[in-house]
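Subject: Structure for you, with notes on cavities and helix contacts

Hello,

Here is the structure I promised to pass on. My notes follow below it.

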Amino acid sequence: MLGKHHIIVQSAHLKYELDVRRNITIIKGDSATGKTTLADMIREYVLNGMDTGISLSCDVPCRIIEGNTWKEQLMAINQSIVFIDEGNSFVSSKDFANAVRESTNYFVIITRENLHALPYSVKEIYGIRSSGKYNQSTPVYHELYSIYGTISDEEITPDVIIVEDSNAGYDFFKYVSSLNTECISAKGKDNIFNMITSGKYSGNVLIIADGAAFGAQMANLYDLSENNDELNLYLPESFEWIILDSDILNDAELRRILQSPEDYIASEKYFSWERYFTALLINKSNDTYLKYSKHSLNNNYYNDKIIMKIIASLPANIIFKNNL
Amino acid sequence: MLNVYFGDMAEAIYNTSAYFKYNYEREWITEPKIMEMIKDIDKSVVLGNGAIDSPVLGVIAPTSLSGGVKTLILIDKISDKVFNASNCGDNCAKWLLNIGEEKDVTINLRHIMKFPSEDFKIKIINENKIVSNMKELIPIAGRYV
């Protein structure tokens with residue numbers, strides 16, 4: 001499935017409004033914010049339709065799967081938004097991850113667990129906030145807010161940069177790091193937490209990882225960073241997205257795609273957006289002197305003009321060698 | 001003391017709402033501490049053992065309380081089972097500590113809950129260690145969730 005889907009679920013006293021734009025959306029947060037009530041209303045509407053007094057507006061069907069028969073339920077659902085409430089242990093299973101991969105459905109999962117088998121974005125982790133009270137003339141209104149949405153604009157001069165990637169992305173950040181900065185590859189996102197808590201690295205530490213698939217690692221590292229002023233996170237969609245976003249390929253279609261990637265990234269083809277951005281960069285640069293390979297960075301990327309252009313597209317508050 | 005096992009725990013009751021629905025006792029709901037939990041987390045007032053006034057949902061049955069409150073009640077009232085406390089949000093954390101101050105209780109967490117005070121006492125069963133603040137808790141818990 002493609003695109004952003006706007007959902008409004010409403011009863012006499014409650015209203016939920018949310019946008020779903022990727023194959024995996026997570027809803028978590030405090031108790032009693034209305035997560036289960038949202039799932040309940042969708043379940044009721046699916047079972048009994050308009051007889052419930054609930055209205056559900058969306059350009060694709062919304063469905064619920066739950067319990068031990070989730071696989072059978074899911075087999076009958078296509079091109080839909082599938083909600084899964086808290087209390088369904090299958091969401092952390094490999095079987096479920098396999099079902100999400102190549103699915104034409106989008107999934108909205110209510111859980112506080114870190115789902116390591118799923119590559120979900122740090123941008124698609126939400127809480128619910130509400131306004132209004134029962135019995136007022138307007139329904140109590142609920143909307144999503146991004147839990148990890150705020151990016152610090154404090155200046156960061158890293159003493160250590162830990163890069164998730166071990167290939168082209170690592171090559172790039174090692175090259176642009178200041179002389180006094182140690183740049184290390186974590187060789188995978190699951191290793192970052194243990195590296196940080198090992199006590200080996202001191203001073204200002206900057207973690208650079210692919211935000212498009214870092215959702216499962218985010219909560220723990222965010223908690224660590226809240227307790228450590230010297231730990232900072234930079235989570236672009238992916239390294240390939242940084243290159244595409246820097247406009248070094250000077251391609252009008254690319255600019256259009258980056259404005260609304262959800263209109264181009266089919267859930268059944270790309271398990272997460274960073275895989276799409278890699279494929280896009282390889283495809284777009286193929287016949288150019290900037291031909292991209294994930295394994296190592298083409299020497300032409302080290303040209304001063306190219307490097308400066310890429311650095312210019314990075315957050316201005318992170319101090320690298322060439323923008324000192 | 002509050003004992004926490006982080007990560008998958010086969011014997012823990014995962015779907016606490018389902019367990020609550022078929023196992024709660026009506027008289028629990030009108031106990032002062034439970035009424036206080038319901039007021040604090042769900043912002044709801046207990047009218048009687050079968051009716052609760054919610055500011056969002058109107059008058060509801062105990063089975064329609066939030067997943068967090070239902071899990072807290074189970075943890076408080078049923079001591080021979082371990083419940084999945086990841087059905088509780090951070091706004092339930094102080095109540096877990098409160099229960100742990102009154103009795104020895106074991107819970108299962110599949111995420112890192114933000115406990116509020118700086119001087120709590122939590123035993124992390126996975127490593128048989130007692131921690132007293134989040135700075136100590138996160139590096140250990142993060143290895144398991």
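The lining of the largest cavity is mixed: 3 nonpolar, 6 polar and 4 charged residues. That makes a lining of 13 residues. Nearest the centre of this cavity lie A:E86, A:G87, A:T111, B:Y14 and B:N87. Residues of chain A and chain B are thus both named there. The space inside is about 70 Å³. Please keep in mind that this is a predicted model.

How many cavities of 30 Å³ or more does the structure hold? There are 5. I looked at two of them.

The second largest cavity has a volume of about 60 Å³. Its lining has 6 nonpolar and 3 charged residues, and no polar ones. The residues come from chain A: A:V163, A:E164, A:D165, A:F173, A:I208, A:A209, A:D210, A:P236 and A:F239. The charged ones are A:E164, A:D165 and A:D210.

Now the helices. Two pairs in chain A are worth a look on your screen.

Take α7(A) and α9(A) to begin with. Helix α7 covers residues 239-246 of chain A, and helix α9 covers residues 273-285. Their axes come within 8 Å and cross at roughly 50°. Angles from 35 to 65 degrees count as oblique, so α7(A) is oblique to α9(A). The crossing is left-handed. On the α7(A) side, the contact is made by A:E240, A:W241, A:I243 and A:L244. On the α9(A) side, A:F277, A:T278, A:L280 and A:L281 take part. By class, this contact has 6 nonpolar residues, 1 polar and 1 charged. The charged one is A:E240 and the polar one is A:T278.

A:F239 links two of these topics. This residue lines the second largest cavity, and residue 239 is also where the range of helix α7 begins.

The other pair is α4(A) and α10(A). Helix α4 spans residues 168-176 of chain A, and helix α10 spans residues 304-312. Here the axes come within 12 Å and cross at roughly 95°. Angles of 65 to 115 degrees count as roughly perpendicular, and α4(A) and α10(A) are therefore roughly perpendicular to each other. A:F172, A:Y175 and A:V176 of α4(A) meet A:I307, A:I310 and A:I311 of α10(A). What classes of residue make up this contact? It has 6 nonpolar residues, with no polar and no charged ones.

Helix α4 also ties back to a cavity. A:F173 lines the second largest cavity, and residue 173 falls in the range 168-176 of α4(A).

Best wishes

Note on methods: Residues are numbered from 1 along each chain as its sequence is written. Chains are lettered from A and ligands numbered from 1 in the order in which they are written. This is a predicted model: local features need pLDDT of at least 70, side-chain atom pairs count only at pLDDT 80 or more; totals for chains, interfaces and linings use all residues. Side-chain values use heavy atoms; hydrogens and water are left out. On a 1 Å grid over the protein atoms alone, a cavity is a set of points where a 1.4 Å probe fits but cannot get out, and a pocket is an open set with protein on both sides within 12 Å along at least five of seven lines; lining residues have an atom within 4 Å of a point. Grid points are joined across faces, edges and corners, and a volume is the space filled by probe spheres set on the points. Axes are lines fitted to C-alpha atoms, for helices over the stretch in contact, and angles run from 0 to 180 degrees between N-to-C directions. Helices (H or I, at least four residues) and strands (E, at least two) are DSSP runs, numbered from the N terminus. Angles under 35 degrees count as roughly parallel, over 145 as roughly antiparallel, 65 to 115 as roughly perpendicular and the rest as oblique. A crossing is left-handed if the near helix is turned anticlockwise from the far one by less than a right angle, and right-handed if clockwise. Contact means heavy atoms within 4.5 Å.
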